[in-house]
Amino acid sequence: MSLWDDIEEKQSNILDIKDKEMDILSIEDFMKADNRKLLFQDWVSKGLVSEICKELSLEIKDLSSEAKEEILSTFTRCSKLLNSKNSYLNNPIKSMRLVSSIIDSQQETNKTKLDQLFEQFDDFMSNDFIEFSSKIPIDNEAELYKKLLEIKDEMYESIKFSELINKTHIGIGGRFSAGKSSFLNSILNRNTDDDILPVSTVPTTAIATYIVRKEDESSNDSMNIYTFNKNGKKSLIDKESLLAISHEFYKMYKFGLISIINKIVIDIDSMEYKNIAFLDTPGYSKADGKEAIDQNIAQTHLSNIDSLIWLIDIDNGVIVDEDIKFLQSLKFDGDILIIINKADKKPLKDIQNIIKVTKDSLTKANIKYKDVVAYSSHDKKEYFSKEIIKDFLKSKDRLQVIDFTSRVINILSSYINHIQDMKKHYRNTLKLVNQIDLYGTDIVNQIDDFDEFLRQAKQNVTTYKQYENDYLNIKKDIIDIVESIDNIFNKNLSDEQKKEKNIFSKLNEVGWVEKKHENLSKDEYRKQIQAYTDIINLNIDKELEDEDNTFFKTTKKIAKKISKELYLDLNPKNEIYFYKRANAYKSIGDYKNAITDYNKAIKLSSDVEMYYEERAESYISLKQYKKAIEDYTKLLEFDNLNKNWYLKRAKCYEEREQYKKAIEDYTILIEFTPQVVDYYKFRVNCYIKLENFKEAIKDYTKLIELDEDVVVMYYNRATSFFNLNQFEEVLYDLDKITDQYSDDAQYFYIKAECYHQFSQDEEAYENYQKSIDLNSSNPDSYYKIVKDYFYDIDDSQALSYIEKAIELNPNKEEYYLLKLEHWEEEFMEDVSSINKLIKLDNKNPLYYILRAEFYKQHNDIKAIKDIDKAVKLSSDNEDIEYIKNVRDEIYRYFDKDIEDNQSISFRNVWKNLI
């Protein structure tokens with residue numbers, strides 16, 4: 001049968017052309033027509049197709065092959081129109097009536113309480129708020145007003161699309177032909193074989209289509225289908241109209257219904273999930289390859305959902321890269337359930353492998369998912385699992401809290417913060433002006449029109465006080481309206497959900513989202529702590545590991561509207577509240593309670609780096625360095641390239657005097673960034689603590705090469721050489737920095753020591769003296785010059801030097817012994833010096849003999865006790881016999897019958913024992 005006969009036969013079945021007016025065109029006219037498709041459709045509407053085709057068929061044989069192909073292509077598409085079973089797709093007039101009914105659908109005339117409140121809010125925004133905000137010179141005024149307008153638009157949508165309010169929105173996504181519509185039809189548990197959504201092998205629609213449970217189940221209709229146009233007007237359509245709203249409609253009429261329809265809502269009876277709104281989205285890839293528009297639409301639709309079910313066609317095998325990229329682009333933080341659809345087409349072994357590979361691919365791509373499930377929409381069957389899909393949906397079947405109030409408060413807080421800051425600024429200005437007026441007559445005379453300047457300063461304070469009062473009035477009015485709207489939306493919430501909403505609003509009030517911690521007072525931190533405590537206590541008896549915890553899903557949805565940063569921080573578990581409360585404790589210096597809450601947060605979620613980092617800082621504040629080290633070690637397991645954590649751990653090691661461990665961390669840091677001088681400085685300090693002067697010299701040399709504090713590094717390197725007795729190297733380094741250290745006493749002492757080692761006595765003496773002249777704080781400067789050059793110094797001067805050495809360091813035995821050696825008489829006048837020697841070394845018998853002699857000279861019987869102690873300590877001493885003789889002499893001394901000339905002189909005792 002020819003094309004023309006086919007068209008004529010189809011046309012004859014639906015149109016009676018006998019009485020139609022005919023306007024036969026030539027093939028030349030047809031080819032010149034601007035839109036031959038619309039022209040053909042006009043013929044269809046007039047019933048002229050059959051006759052025109054006969055006429056055209058007579059002329060077509062004379063056309064070129066290109067022209068024939070073009071005409072045949074147009075007629076073929078028109079033939080498909082005639083073959084369509086949908087009357088809206090084969091009858092343009094009926095289609096236009098559908099379009100007209102959607103555009104002209106009537107709005108309900110009776111205003112609800114919500115409508116009235118919204119009008120008040122709209123009026124308030126357009127008048128009172130504009131008047132108020134125009135007075136406040138705040139930098140981000142336009143941004144804040146834009147946010148309020150966004151809230152107003154959402155409020156309007158919530159009122160107009162009341163069928164979707166308080167429901168958990170679950171998006172159904174996937175590639176074209178993944179079986180999204182078939183899946184939805186299969187899970188809705190309707191006792192009918194009639195599908196809800198159109199199932200097609202060609203793309204259907206890009207309009208957001210929601211399926212919800214009927215609110216009024218007493219209605220006789222098992223299903224109602226509503227379109228909402230761009231003005232929010234609602235229109236009831238039939239099933240055939242729904243099937244016509246597709247990409248085919250655009251192909252036939254070059255008119256996209258998406259331009260006039262905002263949403264489609266289908267309410268059905270016998271749906272198990274009362275509080276879920278399923279969102280059917282277009283496949284992001286299309287059979288005809290024109291995927292860009294539908295992909296953007298799918299992303300837009302899925303950006304505001306609460307949970308996502310992602311369908312994968314099992315014929316494609318495992319999850320494809322395009323799916324991975326699409327899911328990553330969503331940056332979705334809710335629960336994602338992956339479903340391998342059409343599982344009835346594959347053997348069980350293949351299905352298991354596909355599930356495993358898909359899970360591995362998702363994990364590798366860092367996409368968090370609830371589970372991966374194999375399912376057959378055709379058989380309504382789940383594989384290898386016990387009703388995971390059903391359990392997932394049941395966990396989402398709950399009322400959602402609407403909270404416009406917190407979001408409005410959050411925006412308004414920016415205004416009051418600015419007002420209070422400016423009021424404080426102008427008060428300080430006025431205070432300064434008053435001080436100038438009182439005490440700065442000369443300054444006043446230099447300011448033109450000072451009186452006007454003072455008047456303006458006072459006026460500014462008054463103005464911002466008024467702004468503050470205006471704000472309070474504005475806030476009260478607007479919050480009263482918004483809270484009333486929230487209360488109507490949330491009228492069906494449980495008492496617990498209402499309590500949760502109030503607590504979240506409280507958190508918002510105390511500056512959870514927008515205020516920076518460093519700008520809060522201690523009282524404000526305490527308010528935060530109480531708010532977090534309220535939330536924690538509300539959920540303390542709940543299973544903290546339950547990711548479907550109602551409250552946290554609710555707060556998450558609210559948070560998403562308030563602040564993207566806050567939304568991303570929130571977690572289905574409540575460790576975020578322990579963490580936030582811990583930060584508040586930490587901010588007021590209550591580190592013990594902060595650590596307690598960080599511990600709880602870590603117990604609930606052990607892979608969050610910031611919990612360990614904040615806890616480590618709290619441990620450091622309490623000087624619990626060992627525990628801080630454990631936290632930094634854990635952090636380095638997460639990221640072993642984080643230089644800050646190595647540095648902080650090294651500092652903790654130093655505090656614990658674990659210098660070798662600190663050196664290991666500093667060495668790692670130097671390997672990372674060998675040009676950072678601080679790391680060498682930190683490490684060399686540890687080497688010095690360990691008296692590892694050889695390694696210290698290497699670091700000082702490197703620092704000199706890096707041109708870092710060269711003078712200081714030469715000096716430090718010299719001291720390290722000195723400790724290794726490398727005196728030639730010491731003098732080499734010190735000679736390079738003579739000018740810079742000309743007034744440094746220690747510099748000259750070290751040089752003196754080096755010269756002394758080389759027996760350059762003149763230079764040694766000269767440098768010791770320079771060190772002393774500069775009021776050296778090194779007692780060895782005074783001791784060494786007396787010890788080595790006693791006979792070159794005046795006796796009284798030498799005595800003053802050794803006494804200065806003892807003053808600077810009273811714990812050196814050799815200082816006392818040197819004084820005893822040269823100034824015995826002076827030394828023996830005061831027992832305190834001998835007592836100090838005994839305290840420094842209570843095992844030395846000589847010191848007890850010295851004190852016994854002192855007591856003997858002062859006729860003090862305590863001499864007996866000290867000499868007995870000396871004998872006891874000398875039991876293994878080769879001079880024990882001599883010491884016993886001293887004892888006997890002291891015994892005899894205290895016997896009245898002993899002659900004084902029989903005593904053994906102290907000088908002889910000293911010389912023999914020294």
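Which helix is the place of Glu826? Select Glu826 and you land in helix α40, residues 824-827. Before we go on, keep in mind that you are looking at a predicted model.

**Stop 1: a negative patch**

Keep Glu826 selected and add Asp794, Asp795, Glu825, Glu829 and Asp830. Together with Glu826, these residues gather on the surface in a patch of negative charge. Colour the group red if you like. Glu826 has a relative accessible area of 35%, so it counts as partly exposed.

**Stop 2: a positive patch**

Now select Lys843, Lys865, Lys869 and Lys872, and perhaps colour them blue. These lysines form a positive patch on the surface. Zoom in on Lys869, which sits in helix α43, a helix that covers residues 862-873. How exposed is Lys869? With a relative accessible area of 33%, Lys869 is partly exposed.

**Stop 3: aromatic rings**

Next, show the side chains of the aromatic residues. How many aromatic pairs does a search of the whole structure find? The search finds 29. Let's visit two of these pairs, then a cluster.

Begin with Tyr612 and Phe638, which form a tilted pair: the rings are 5.7 Å centre to centre, with 55° between the planes. Tyr612 belongs to helix α27 (residues 609-621) and Phe638 to helix α28 (residues 625-638), so this pair ties together parts that are 26 residues apart in sequence. Switch on the surface to compare the partners: Tyr612 is buried at 6% relative accessible area, whereas Phe638 is partly exposed at 32%.

Move on to Tyr765 and Tyr789. Their ring centres are 5.7 Å apart and their planes stand at 75°, so this pair is edge-to-face. Why does the pair tie together parts that are 24 residues apart in sequence? Because Tyr765 lies in helix α36 (residues 761-773) while Tyr789 lies in helix α37 (residues 779-789). Check the surface again here: Tyr765 is partly exposed, with a relative accessible area of 27%, and Tyr789 is buried, with a value of 5%.

For the cluster, select Phe129, Phe132, Tyr145, Tyr415 and Tyr471. These five residues form one aromatic cluster. Rotate the view slowly and look at each ring in turn.

**Stop 4: distant in sequence**

Select Phe124, whose place is in helix α8 (residues 113-126). Is Phe124 buried or exposed? Phe124 is buried, with 5% relative accessibility. Then add Ile478 and draw a distance line between the two C-alpha atoms. Phe124 and Ile478 are 354 residues apart along the chain, yet their C-alpha atoms are separated by 7.4 Å.

**Stop 5: two backbone surprises**

Finish with the backbone, and hide the side chains if the view is crowded. Select Lys342, which is found in the loop between β8 (335-341) and α16 (348-364). Lys342 is not a glycine, although it has a positive phi of about 65°.

Where is Ser759 found? Ser759 is in the loop between α35 (745-757) and α36, and α36 is the helix you met at Tyr765. Ser759 also has a positive phi, about 60°, and it is not a glycine either. Turn the surface on one last time: Ser759 is exposed, with a relative accessibility of 58%.

Definitions and conventions
Residues numbered from 1 in each chain as written. Predicted model: local features only at pLDDT ≥ 70, side-chain atom pairs only at ≥ 80, totals over all residues. Heavy atoms only, no water. Patch = residues over 30% accessible without salt bridge, like charges linked within 9 Å, V, L, I, M, F, W, Y side chains within 5 Å. Areas by Shrake-Rupley, 256 points an atom, 1.4 Å probe, with all protein chains shown as cover. Salt bridge = Lys/Arg side-chain N within 4 Å of Asp/Glu carboxyl O. Lys, Arg positive; Asp, Glu negative; His and termini not counted. Charge placed at Lys NZ, Arg CZ, Asp CG, Glu CD. Helix = DSSP H or I, 4+ residues; strand = E, 2+ residues; numbered from the N terminus. Buried < 20%, exposed > 50% of the residue type's maximum accessible area, 1.4 Å probe, protein only. Phe/Tyr/Trp six-rings, centres within 6.5 Å; stacked < 30°, edge-to-face > 60°.
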